[in-house]
Amino acid sequence: MYFAALLARTEDGWEASDTELDDVETLSDLTELAREASVDDDTVIVFIEQEDAWFGIVRVEGEEDPRIYVSDGAAAARSSYGEILTKELLGDDQDDDGPDLDALDLDGTEDGEPDEDDDEEESAVAAEVVPAEPVGDRLVLADLGLSEKELLALDTDALSEIADALGAAEVLEAVR
């Protein structure tokens, strides 16, 4: 189960809103969602948390490239939203423009029944490639009051602790 929230910095402090990720398929979609919540191109923090497995932070400021941090790369890579973040952080050999026809394994299963092992193999490969440790910008929140050391020390209920450090705990709890 996922929880996602947007925290947008305004001149009056932070404004929080929970957000649906149903239409998010790429980092560009997520970044656009954050920019829509922005007031005057101010900072927007997107929190994504998969219960007791991993959390991610995407920081968007104006038209700058988003800054991303994921608490556990391997766990995140095994989930749809986490995969979006880890692909951006660690690179991806294929473009998302469609399947690479040269790389397809055309073994006769493409006509009807999918090969049952494909999903398991893809998850296993993703887990092997992505480290089971924090990945991304560890200083993503340093200028907002949460140091690299504090960020790396977070475990369960990380989003509440992050919001507390930003001075946004009350507004985050209101949307939870």
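1. Let's start with Asp143, a good way into this predicted model. Asp143 is exposed, because its relative accessible area is 55% and the cut-off for exposed is over 50%. It forms a salt bridge with Arg59, and the closest N and O atoms there are 2.6 Å apart. Have a look at where the two partners sit: Asp143 is in the loop between strand 6 and helix 5 (148-153), while Arg59 is in strand 4, so this pair links distant parts of the chain, 84 residues apart.

2. Now for the other end of that pair. Is Arg59 buried or exposed? Arg59 counts as buried, because its relative accessibility is 2% and buried means under 20%. Arg59 has a further salt-bridge partner in Glu61, with 3.1 Å between the closest N and O atoms. Put together, Arg59, Glu61 and Asp143 make up a network of salt bridges.

3. How many salt bridges turn up in a search of the whole structure? The search finds three. One of them joins the side chains of Asp137 and Arg67, at 2.6 Å from N to O. Asp137 belongs to the loop between strand 6 and helix 5, and Arg67 to strand 5 (residues 67-70), so the pair ties together parts that lie 70 residues apart in sequence. As for accessibility, Asp137 is partly exposed, with a relative accessible area of 22%, and Arg67 is partly exposed too, at 26%.

4. Next, the sheet. Six strands form an open sheet with antiparallel pairing, and if you trace across it the order reads 2-1-3-4-5-6. Which strands stand at the edges? They are strand 2 (13-18) and strand 6 (135-136); each has a single partner strand, so one side of each is left without a neighbour in the sheet.

5. Staying at the strand 2 edge, strand 1 (residues 2-10) pairs with strand 2 in the antiparallel sense, over six bridges. To find your place there, look for Ala8, which stands opposite Glu15 in strand 2. Helix 6 (residues 158-166) packs on the sheet, where it touches strand 1, strand 2, strand 3 (43-50) and strand 4 (54-61). The direction of helix 6 makes about 160 degrees with that of strand 3.

6. Helix 1 (residues 27-37) is worth a look as well. Its buried residues include Leu27, Leu30, Thr31 and Ala34. Why do these residues count as being on the same side of helix 1? Because they cover an arc of only 100 degrees around the axis. The spacing fits a general rule: an α-helix has 3.6 residues a turn, so residues three or four places apart point the same way.

7. What do the buried residues of helix 1 pack against? Their partners are strand 1, strand 3, strand 4, strand 5 and helix 3. Turn to the face of helix 1 that points away from the buried side and you'll find the exposed residues Ser28 and Glu36.

8. Last, a residue in helix 3 (residues 80-90), namely Thr86. Thr86 counts as buried, because its relative accessibility is 4%. What is Thr86 in contact with, leaving aside its neighbours within four places in sequence? The residues are Gly73, Ala76, Ala77, Gly91 and Val130.

Notes. Residues are numbered from 1 along each chain as its sequence is written. This is a predicted model: local features need pLDDT of at least 70, side-chain atom pairs count only at pLDDT 80 or more; totals for chains, interfaces and linings use all residues. Side-chain values use heavy atoms; hydrogens and water are left out. Helices (H or I, at least four residues) and strands (E, at least two) are DSSP runs, numbered from the N terminus. Buried means under 20% relative accessible area, exposed over 50%, partly exposed in between (1.4 Å probe, protein chains only). Contact means heavy atoms within 4.5 Å. Two strands pair if DSSP finds at least two bridges between them. Axes are lines fitted to C-alpha atoms, for helices over the stretch in contact, and angles run from 0 to 180 degrees between N-to-C directions. A salt bridge is a side-chain nitrogen of Lys or Arg within 4 Å of a carboxyl oxygen of Asp or Glu. The arc is that of the directions from the helix axis to the C-beta atoms.
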